[in-house]
Amino acid sequence: MCVTCGCGQPGHDHDHDHAHPHDHDHDHGHSHDHDHDHGHSHDHGAMGAVHDATISDARIVQIEQDILSVNNRYAEANRRFLANRGVFAVNLVSSPGSGKTTLLCRTISDLKGRFPVSVIEGDQETEFDAERIRQTGAKATQLNTGKGCHLDAHMVGHALEELDPAEGGVLFVENVGNLICPSAFDLGEAHKIVVLSVTEGEDKPLKYPDMFFQADLMILNKIDLLPYLNFDVDKCVEFAQRVNPDIQVIKVSATSGEGMQAWYDWISRRRDATVSAWERAKRLHA
């Protein structure tokens, strides 16, 4: 939780690069089928007390629980929105510079003929990455968090309304580069995927265990650079599985294309299962 940095706390302002300001009461009457608890106020309380040296540990824990509880309600609304459209969504998390955007651009270019693809891009500032994604032909919307160090479910809910992802498609959420705070925030995705570059240390899973514990898949990226690095792949995988015995691992190079088919198969199988469940639900309610 971001108690020390203030990000994600009630009263902390995120700068959204879309048409929905985040500091107002919602009563929009949207035509979208997105149950995002509109008509509420945002529980924006005075957050300065969190940084007061006299605040008790118990109070901090309660604030953390309250924040996550509110976030989880929005995440469930996002999950319903996606399920109602048969959209398979993943949340990509990593340190800065892991190659997430390059990985996404190659993935979209190779898969966009199979099914619709859309992207929510999270960064503190600029729209550079969203522009790179749009050049592939995919729909993308940018969320700028300002001083914030992660995306939250409320922000993503507004982005979904703007993005209007196509039925039966895949949604990629590229989170802000950070291996700490995003681990605690459910966005309504089906899976968290942690991207780790071989240019980072193989001990990252042990240094940031919460993120690797929450992830269902680790993509080990930039493996084309292994001949030039002192990086122990087996040790990295061992460390990741020590933290999370169920984590899957796919080794890729988004530059050379090595290993990318295994990643595409992983996406396609889960997207097809999502669409099948959606179609069955539609038939039951027809």
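1. In this predicted model, strand 2 (residues 117-123) runs parallel to its partner, strand 4 (residues 170-174), and the pairing covers 5 bridges. Within strand 2, one position can be placed exactly: I120 stands opposite V173 in strand 4.

2. Helix 4 (residues 153-163) packs on the sheet and touches strand 2, strand 3 and strand 4. The direction of helix 4 makes about 150° with that of strand 3.

3. Helix 8 also packs on the sheet. Its contacts are with strand 1 (88-94), strand 4, strand 5 (191-197), strand 6 (217-221) and strand 7. Between the directions of helix 8 and strand 1 the angle is about 140°.

4. The sheet as a whole is open and has 7 strands, in the order 3-2-4-1-5-6-7, with parallel pairing. Strand 3 (139-144) and strand 7 (248-251) each have a single partner strand, so one side of each lacks a neighbour in the sheet. On average, neighbouring strands are turned by 20° against each other, direction ignored.

5. Helix 8 (residues 260-285) also meets helix 2 (residues 100-111): their axes come within 11 Å and cross at roughly 70°. Helix 2 is therefore roughly perpendicular to helix 8. The crossing is right-handed.

6. Which residues make this contact? On helix 2 they are L103, R106, T107, D110 and L111, and on helix 8 they are M260, W263, Y264 and I267. Sorted by class, the contact has 6 nonpolar, 1 polar and 2 charged residues.

How values were computed:
Residues are numbered from 1 along each chain as its sequence is written. This is a predicted model: local features need pLDDT of at least 70, side-chain atom pairs count only at pLDDT 80 or more; totals for chains, interfaces and linings use all residues. Side-chain values use heavy atoms; hydrogens and water are left out. Axes are lines fitted to C-alpha atoms, for helices over the stretch in contact, and angles run from 0 to 180 degrees between N-to-C directions. Helices (H or I, at least four residues) and strands (E, at least two) are DSSP runs, numbered from the N terminus. Angles under 35 degrees count as roughly parallel, over 145 as roughly antiparallel, 65 to 115 as roughly perpendicular and the rest as oblique. A crossing is left-handed if the near helix is turned anticlockwise from the far one by less than a right angle, and right-handed if clockwise. Contact means heavy atoms within 4.5 Å. Ala, Val, Leu, Ile, Met, Phe, Trp, Tyr, Cys and Pro count as nonpolar, Asp, Glu, Lys and Arg as charged, and the others, Gly among them, as polar. Two strands pair if DSSP finds at least two bridges between them.
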